[in-house]
Amino acid sequence: MPVLDVFGFRALWSPYFLLALIVMMIGFFLITVKFQHRFSNSEKLTKKEAFLFITAMVLLYVIKGSPLDLMGHLMFYAHMIQMAMLYLVVAPLFVVGIPKWVWRKVLNLRIVKPVFHFFTRPLIALILFNGMFSFYHVPLIFDVIKTDMWMHAGYTSILFIVSIFMWWPLVNELEEYQNLSGLKKVGYIFADGILITPACALIIFAEDPMYATFSDPNSWLQALQLCVPTTTLASLDLSGPEMFNSLSLIDDQQLGGVLMKIIQEIVYGVVLAQVFFSWYRKDKQDNVDEEGNPALYPNLAEY
C-alpha cells in the first residue's frame, strides 16, 4: 500500500489554508482584545471564548488542512469523519466561541438581521441543514460536486453556514435569541437525530458501492485534483482508491455511514446532557424563594 507522502507536502498539509487560518486568528484577537475598546458595548474576551475559538480553528485545520482532508478523497469513511466533525463539532464551537458582543454587531447589520432571523427559526433550520446534508449524499449529486472545485467549495461552505443556523437555537447565549425552552430543546435534538438518520441508513445498508468518486478510477482521479496539484498527479502511477484502502469499497462505504451516525449520537448526547442539566438548574433556581428556601408554591404568582 503506497504511503500518502507520494502526494507531496502541499497536498498533505495545505500551507495556504493554514496561512489563511492564522490570519483569521490574528484578526479575531486584534478585534476582541487589542482593539476591543474601540467598539461600543464590547466586553472583555473570556478565557472560555478564547479556548473554544482556538479549538474550533485547530479542528478546522485538522479537518480541511491536514492529511485527513487528503484521506477524505481516498477513503469514504475519512470523508464522513470530516463531515461529522465539521458540521457537528466545529460549527457549534464557533457559535459559542465568538463573543456575544461580536455576534450582536454582525446580527444588527441591516442585511444580516432579517436573513439570520428567518433561517434560524427552529423548524426551518432543522429541515434546511438535514435536507442539504441528505441532498449532498445522493450519489449523482455527490459525484458531480466532488469533481468540481467551485461547486465543492461553494456547497460545503453553504452547508457549514446552514449548520450554524441549525446549531444556533440550541447553543447560542444571546438572551434576545433564546427561542427554545429546555423541553423544546430536547425535542429539537431528537428531531435532528431522526432527520439525519435516513441519509446514514441509505449509506450503511446499500448493497453496492454508491459513489463513482470512490469506485471509478477516472472519477476518483478527477476528485483528487481538488486537493492534489495536477502536476503531482500526472507524475504518479495510480490505478484507483484500492491502492490506499485495505477495506473493500462496500465495507469502506458502510463504515463511513456508521461512523457518521456514531459521532452524531455522541455529539447530540453531550448537548442533550448539557441542555438537561441547564434546564434542571434553572428550574431549581426558579423554585427557591428570595431567602434561598424552597418555595412551596413556586408558580402561585402565575394564577
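## How two helices lie against each other

Angles between helix axes that are under 35 degrees count as roughly parallel, those over 145 as roughly antiparallel, those from 65 to 115 as roughly perpendicular, and the rest as oblique. In this predicted model, the axes of helix 4 (residues 67-74) and helix 5 come within 6 Å and cross at roughly 130°, and helix 4 and helix 5 are therefore oblique to each other. The residues that make this contact are Leu68, Asp69, Met71, Gly72 and Leu74 on the side of helix 4, together with Phe76, Tyr77, Ala78, His79 and Gln82 on the side of helix 5. The crossing of helix 4 and helix 5 is left-handed.

Helix 5 also meets helix 8 (residues 122-136), and here the two axes come within 13 Å and cross at roughly 165°, which makes helix 5 roughly antiparallel to helix 8. The crossing of helix 5 and helix 8 is right-handed. Helix 5 brings His79, Met80, Met83, Tyr87 and Leu88 to this meeting, while helix 8 brings Phe129, Phe133 and Tyr136.

## The nonpolar cores

In soluble globular proteins, nonpolar side chains tend to be buried together. The largest nonpolar core of this model has 72 residues, and Phe94, Trp167 and Met260 are those with the most contacts inside it. Helix 5 (residues 76-97) gives the most to this core, contributing 14 residues. There is also a second, separate core of 17 residues, which includes Leu4, Trp220, Leu224 and Leu238.

When residues up to four places away in sequence are not counted, Met260 touches Met80, Met83, Ala84, Leu88, Phe133, Ile196 and Cys200. Among these partners, Met80, Met83 and Leu88 belong to helix 5 and Phe133 belongs to helix 8.

## A buried serine

Ser163 is found in helix 10 (residues 149-171). Buried means under 20% relative accessible area, so Ser163, at 0% relative accessibility, counts as buried. Leaving aside its neighbours within four places in sequence, Ser163 is in contact with Tyr87, Ala91 and Phe129. Two of these partners have already appeared above, since Tyr87 in helix 5 and Phe129 in helix 8 take part in the meeting of those helices.

## Cysteines without a disulfide

A disulfide is a covalent bond between the sulfur atoms of two cysteines. How many disulfides does the structure hold? The structure holds zero disulfides. Cys200 is buried, with a relative accessible area of 1%, and Cys227 is likewise buried, with a relative accessible area of 15%.

Terms used:
Residues are numbered from 1 along each chain as its sequence is written. This is a predicted model: local features need pLDDT of at least 70, side-chain atom pairs count only at pLDDT 80 or more; totals for chains, interfaces and linings use all residues. Side-chain values use heavy atoms; hydrogens and water are left out. A nonpolar core is a set of buried Ala, Val, Leu, Ile, Met, Phe, Trp, Tyr and Cys residues joined through side-chain atoms within 4.5 Å. Buried means under 20% relative accessible area, exposed over 50%, partly exposed in between (1.4 Å probe, protein chains only). Helices (H or I, at least four residues) and strands (E, at least two) are DSSP runs, numbered from the N terminus. Contact means heavy atoms within 4.5 Å. A disulfide is a pair of cysteine sulfur atoms within 2.5 Å. Axes are lines fitted to C-alpha atoms, for helices over the stretch in contact, and angles run from 0 to 180 degrees between N-to-C directions. A crossing is left-handed if the near helix is turned anticlockwise from the far one by less than a right angle, and right-handed if clockwise.
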